[in-house]
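I have opened a fresh page in my notebook for this chain. Come along, and I will jot down each thing as I look it up.

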Amino acid sequence: MATPTSIGHVRSFHGLASFYRMFVRDFSTVAAPMTVVIKKNVPFSWGEVQEKSFNTLKERLTQAPVLALPGFEVMSEVECDASGLGIGAVLHQRKRPMAFFSEKLSGGSMRDLILTEAHGGGLMGHFGVDKTLAVVMEHFFWPHLKKDVERFCARCIVCHKAKSRLHPHGLYLPLPISNAPWVDISMDFVLGLPKIKHKDSIFVVVDRFSGTLHPV
Ligand SMILES: [Zn+2]
């Protein structure tokens, strides 16, 4: 098959190849340079990486393994790999592949995946920033890693829920009944009123005993 010379060619090759993606290990990662080319509103450009991607994919398609048919009496295993630019998985039984799965990840979602794993995935116990950072740094590093970890931990919903269980805000209780004037007052601001003499707010003080309103 000749090297594609137009977006249309790339699209049809990619489409056909996609049909067999289940037979190709790391399909998404291998095909990634071509998916860039077939994006909308991008002029056709074919470089070295595309050529390599095209050839690798052709090669893998022609040498695609014969996939085993699943047998339900045999244990199936899933082998995952997220070390490259994407995540890949192979479903196999008795070491014979039944299907390949792959997803190319952008830099951002790859990092999110790593942070999710390091902070709360698997056996991780939603540790704080320092511990999470240490776990990530055992295998990875990228610029502003610490900031990303801090942001991730601060946004973790599970951690938020756990914290509010530890420090409950308590219930809203009715205020005690006052028994003398000007002992128990409440105050509030009323803001954003139409301006009168350059002023647009009212400071409201209420004496809770008498119920008198004292706008200032
Ligand atoms: Zn958490």
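**Entry 1: the overall layout**

I started by counting elements, and I found 7 helices and 6 strands in the chain. I noted that the model is predicted. Reading along the sequence, I wrote the pattern down as α-α-α-β-β-β-α-α-α-α-β-β-β. The chain has 216 residues, and buried ones make up 15% of them. I also looked at contacts between residues at least 6 apart in sequence, and 46% of these join residues at least 24 apart.

**Entry 2: the largest nonpolar core**

A general point I keep in the margin: in soluble globular proteins, nonpolar side chains tend to be buried together. Which residues form the largest nonpolar core here? I listed 12 of them: Val10, Phe13, Ala17, Val24, Phe27, Val30, Ala31, Met34, Val37, Phe54, Leu57 and Phe100. Helix H1 (7–19), helix H2 (27–37) and helix H3 (48–62) are the elements that each give two or more residues to this core. H2 gives the most, with 5 residues.

Phe100 made me curious, so I looked up its contacts. Leaving out residues up to four places away in sequence, Phe100 touches Met22, Phe23, Val24, Arg25, Phe27 and Val90.

I then found a second, separate core of 8 residues, with Leu115, Leu133, Val149 and Cys153 among them.

**Entry 3: helix H2 and its neighbours**

How many of the residues in H2 are buried? I counted 8 of 11, and I wrote "mostly covered" beside H2. The buried ones are Phe27, Ser28, Thr29, Val30, Ala31, Pro33, Met34 and Val37.

Before going further I reminded myself that two packed helices are described by the angle between their axes and the distance between the axes. H2 and H3 pack at about 130°, and their axes are 8 Å apart. That angle makes H2 oblique to H3. The crossing of H2 past H3 is left-handed. At this contact, Val30, Ala31, Ala32, Pro33, Met34 and Val37 of H2 meet Val49, Gln50, Ser53, Phe54, Thr56, Leu57 and Arg60 of H3.

Next I turned to H1, which packs with H2 at an angle of about 140°, their axes 9 Å apart. H1 also passes H2 in a left-handed crossing. Here Ile7, Val10, His14 and Ala17 from H1 meet Ala31, Met34, Thr35 and Val37 from H2.

**Entry 4: helix H5, face by face**

In H5 (residues 129–137), I found Thr132, Leu133 and Val136 buried. Why do I say that these buried residues line one face of the helix? Seen down the axis of H5, they fall within an arc of 100°, so they share one face. On the other side of H5, Asp130 and Ala134 are exposed. My margin note: an α-helix has 3.6 residues a turn, so residues three or four places apart point the same way.

H5 packs with H6 at an angle of about 130°, and their axes are 9 Å apart. These two helices are therefore oblique to each other. Their crossing is right-handed. I noted that Val129, Thr132, Leu133 and Val136 in H5 meet Leu145, Lys146, Val149, Glu150 and Cys153 in H6.

**Entry 5: three loop residues**

Phe140 sits in the loop between H5 and helix H6 (145–155). I count Phe140 as partly exposed, because 14 other C-beta atoms lie within 10 Å. Phe140 and Ile114 are 26 residues apart in sequence, and their C-alpha atoms are 8.6 Å apart in space.

Asp26 caught my eye next, with a positive phi of about 55° although it is not a glycine. I placed Asp26 in the loop between H1 and H2. Is Asp26 buried or exposed? It counts as buried, because it has 24 C-beta neighbours inside 10 Å, and the cut-off for buried is 20 or more.

His126 likewise is not a glycine but has a positive phi, of about 50°. I found His126 in the loop between helix H4 (107–120) and H5. With 14 other C-beta atoms within 10 Å, His126 is partly exposed.

Key. Residues numbered from 1 in each chain as written. Predicted model: local features only at pLDDT ≥ 70, side-chain atom pairs only at ≥ 80, totals over all residues. Helix = DSSP H or I, 4+ residues; strand = E, 2+ residues; numbered from the N terminus. Arc of directions from axis to C-beta. Core = buried A, V, L, I, M, F, W, Y, C linked by C-beta atoms within 7 Å. Contact = placed C-beta atoms within 7 Å. Axes fitted to C-alpha atoms, helices over the stretch in contact; angles between N-to-C directions. Parallel < 35°, antiparallel > 145°, perpendicular 65-115°, else oblique. Left-handed = near helix turned anticlockwise from the far one by under 90°.
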